[in-house]
Amino acid sequence: MCNERFGETMIPFFHPMLYQRDDGYDYLAEDYSFCQRARDCGFQIMADTTVWL
């Protein structure tokens with residue numbers, strides 16, 4: 001959690017991260033790091049592949 005001293009705490013869900021593997025570290029960009037944090041909390045990551053952008 002960040003910025004607690006300003007009265008409204010911010011949780012940087014999309015902040016990039018370094019993820020430790022057996023043989024080193026991987027840099028995870030914003031969307032990937034969000035998914036990794038969700039996985040670490042026990043959520044299953046799903047994607048709707050029927051959506052066209």
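Strands, like helices, are runs assigned by DSSP and numbered from the N terminus, a strand having at least two residues. The structure shown here is a predicted model, and in it strands S1 and S2 form a hairpin with two residues between them. The points below follow this hairpin, then a residue of helix H1 that touches it, and finally a patch on the surface.

**The hairpin**

- Strand S1 covers residues 17-21 and strand S2 covers residues 24-28, and the two pair in the antiparallel sense over five bridges.
- Within this pairing, Tyr19 has Asp26 in S2 as its bridge partner.

**Gln36 in the helix**

- Helix H1 spans residues 30-40, and Gln36 is one of the residues that lie in this helix.
- Gln36 counts as buried because its relative accessibility is 7%, and the cut-off for buried is under 20%.
- When neighbours within four places in sequence are left aside, Gln36 is in contact with Met17, Tyr19 and Leu28.
- With Tyr19, the side chain of Gln36 also makes a polar contact of 3.4 Å, which joins it to the side chain of that residue.

**The nonpolar surface patch**

- Met1, Ile11, Phe13, Phe14 and Phe34 make a nonpolar patch of about 530 Å² on the surface.
- Met1, one of these patch residues, lies in the segment before S1.
- Met1 is exposed because its relative accessible area is 65%, whereas the cut-off for exposed is over 50%.

Conventions:
Residues numbered from 1 in each chain as written. Predicted model: local features only at pLDDT ≥ 70, side-chain atom pairs only at ≥ 80, totals over all residues. Heavy atoms only, no water. Pairing = 2+ DSSP bridges. Helix = DSSP H or I, 4+ residues; strand = E, 2+ residues; numbered from the N terminus. Buried < 20%, exposed > 50% of the residue type's maximum accessible area, 1.4 Å probe, protein only. Polar contact = N/O pair within 3.5 Å; in protein donor to acceptor, adjacent residues only side chain to side chain. Contact = heavy atoms within 4.5 Å. Patch = residues over 30% accessible without salt bridge, like charges linked within 9 Å, V, L, I, M, F, W, Y side chains within 5 Å. Areas by Shrake-Rupley, 256 points an atom, 1.4 Å probe, with all protein chains shown as cover. Salt bridge = Lys/Arg side-chain N within 4 Å of Asp/Glu carboxyl O.
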